[in-house]
Amino acid sequence: MKVWLDGHLVDKQHAVVPVYDHGLLYGDGVFEGIRVYNGRVLKLKTHLDRLEASAKAIHLTLHYTIREIEKAVRDTVAANGMKDAYIRLVVTRGAGPLGLSPFTCPKPSTIVIVDRIQLYPPEMYEQGMPVIVAKRPRIPIECLDPSIKSLNYLNNILAKVEAIEAGVHEAVMLNTDGEVAECTGDNIFFIRGGRIVTPPVSAGILNGVTRLFVMNEIAPACGVPVEERSMRLEDLFTADEVFLTGTAAEIIGVSSIDGEQIGEGRVGPITRRLVAEFKSRVAENAPEN
Ligand code: PMP
């Protein structure tokens, strides 16, 4: 496996960053998770735009242009000869002296990993996935905006531990106002009366690329209206269907929350249509824009 590291394709075992990298020391950096379907990089432009916005939000000046990073992504996919893959694009703050100041680190490290990722067991796509509600709220926007895809994932990791301890794979996270925000690594939607609802970015969420794909392309193609509005747990418990979206997860139906059945307790009919539409759009000619 070849990893792209600061301009060079190197073997996986030689792809290392210095221990003084502030990405390691402080979780200071940004990243993207991207998918390749049949040789096409799904929504690459949207991912690169988000990377650029995340970097700007943490005062990180990218060392490479977006064009150069795009080429690095494509070169790494080609070098690994994979037609279907998961890409992890990471920009760390780079090495510098100990101490929080990001401005002492002269050069960020840019990394492109191409690999496989399998998040949820295949049968859960058929039967639906049980989830819980995390006790830990999503970090508020004014502390660290969740729309920044930063290397600081401990808020999500600790909520994920709650899920794992409850024997499930994912947890719904509320914001500090008690509204539904998102899951630890996925966005959330509910369906009632044939309409899809999802929290707005102002609820304190990552503006998922899959979320936008579903809202702007998949749902309209299925003739299902989508609305962004703040939602509470009651909305989920009284929904006809609930589903999650993410680059690795794609679209997955939720069967229960905290042990309470959602809808019929299986993947609902509208979710199934969305999944079918998603699959057909990525199968041959996945949109890169
Ligand atoms: N929310 C969080 C917290 C995430 O980490 C992710 C990505 N794994 C998502 C939502 C989904 O975003 P995307 O569709 O861009 O993968």
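**Exercise 1. The largest pocket**

Domain 1 (2-115) and domain 2 (122-283) both give residues to the lining of the largest pocket, so this pocket lies between them. The structure is a predicted model, and the exercises below work from its computed geometry.

Task: State what volume the largest pocket has, which residues lie closest to its centre, and how its lining divides by residue class.

Solution. Step one is the volume, and about 630 Å³ of space lies in the largest pocket. Step two is the lining, which counts 33 residues, with Phe-31, Arg-88, Lys-149, Tyr-153 and Gly-185 being the closest to the centre. Step three assigns the lining to secondary structure: β3, β5 (85-92), α5, β9, α6 and β13 are the elements that give two or more residues to it. Step four sorts the lining residues by class, which yields 14 nonpolar, 11 polar and eight charged.

**Exercise 2. The second largest pocket and a salt bridge at its centre**

Task: Describe the lining of the second largest pocket, and then determine which salt bridge joins Glu-250 to another residue and whether its two partners are buried or exposed.

Solution. Begin with the volume, which for the second largest pocket is about 290 Å³. Its lining consists of 17 residues, and those nearest the centre are Arg-35, Ile-117, Gln-118, Ala-248 and Glu-250. By class, the lining holds 10 nonpolar, one polar and six charged residues. Turning to the elements, β3 and β5 each supply at least two residues, and the largest share, three residues, comes from β3. At the level of domains, domain 1 (2-115) and domain 2 (122-283) each contribute at least three residues to this lining.

The next step concerns two of the residues near the centre. Glu-250 and Arg-35 form a salt bridge in which the closest N and O atoms are 2.9 Å apart. Glu-250 belongs to strand β14 (residues 250-257) and Arg-35 to strand β3 (residues 29-37), and the pair links distant parts of the chain, 215 residues apart. Both Glu-250 and Arg-35 are buried.

**Exercise 3. Two further salt bridges**

Task: For the salt bridges Arg-138 with Glu-182 and Arg-211 with Glu-228, give the distance between N and O, locate each partner, and decide whether each partner is buried or partly exposed.

Solution. As a setting for the task, the structure holds 16 salt bridges. In the bridge between the side chains of Arg-138 and Glu-182, the N to O distance is 2.6 Å. Arg-138 is found in the loop between β7 (129-133) and α5 (154-165), while Glu-182 is in strand β9 (residues 180-183), so the contact ties together parts that are 44 residues apart in sequence. Applying the cut-off for burial, which is under 20% relative accessible area, Arg-138 is buried because its value is 6%, and Glu-182 is likewise buried because its value is 4%.

For the bridge between Arg-211 and Glu-228, the N to O distance is 2.7 Å. This pair links helix α6 (residues 209-221), which holds Arg-211, with strand β12 (residues 226-228), which holds Glu-228, and the two residues are 17 apart. Arg-211 counts as buried because its relative accessibility is 1%, whereas Glu-228, at 41%, counts as partly exposed.

A last step looks beyond isolated pairs: Glu-70, Arg-74 and Glu-288 are linked in a network of salt bridges.

**Exercise 4. Aromatic pairs**

Task: Classify the ring pairs Trp-4 with Tyr-64 and Phe-189 with Phe-243 as stacked or edge-to-face, and say where the partners lie.

Solution. The structure holds five aromatic pairs. Trp-4 and Tyr-64 have ring centres 5.2 Å apart and planes at 70 degrees, and this pair is edge-to-face, given that plane angles over 60 degrees count as such. The pair links distant parts of the chain, with Trp-4 in strand β1 (residues 2-5) and Tyr-64 in the loop between α2 (44-57) and α3 (66-79), 60 residues apart. Trp-4 is buried at 8% relative accessibility, and Tyr-64 is buried at 17%.

Phe-189 and Phe-243, by contrast, form a stacked pair, with 4.7 Å between the centres and 5 degrees between the planes. Phe-189 sits in strand β10 (residues 187-192) and Phe-243 in strand β13 (residues 241-246), so the pair ties together parts 54 residues apart in sequence. Both Phe-189 and Phe-243 are buried.

To finish, ring pairs also link Tyr-37, Phe-213 and Phe-278 into a cluster.

Note on methods
Residues numbered from 1 in each chain as written. Predicted model: local features only at pLDDT ≥ 70, side-chain atom pairs only at ≥ 80, totals over all residues. Heavy atoms only, no water. Phe/Tyr/Trp six-rings, centres within 6.5 Å; stacked < 30°, edge-to-face > 60°. Helix = DSSP H or I, 4+ residues; strand = E, 2+ residues; numbered from the N terminus. Buried < 20%, exposed > 50% of the residue type's maximum accessible area, 1.4 Å probe, protein only. Salt bridge = Lys/Arg side-chain N within 4 Å of Asp/Glu carboxyl O. 1 Å grid on protein atoms, 1.4 Å probe; cavity = no way out; pocket = protein on both sides within 12 Å on 5 of 7 lines; lining within 4 Å. Points joined across faces, edges and corners; volume = space filled by probe spheres on them. Nonpolar A, V, L, I, M, F, W, Y, C, P; charged D, E, K, R; others polar. Domains from an automatic or database assignment.
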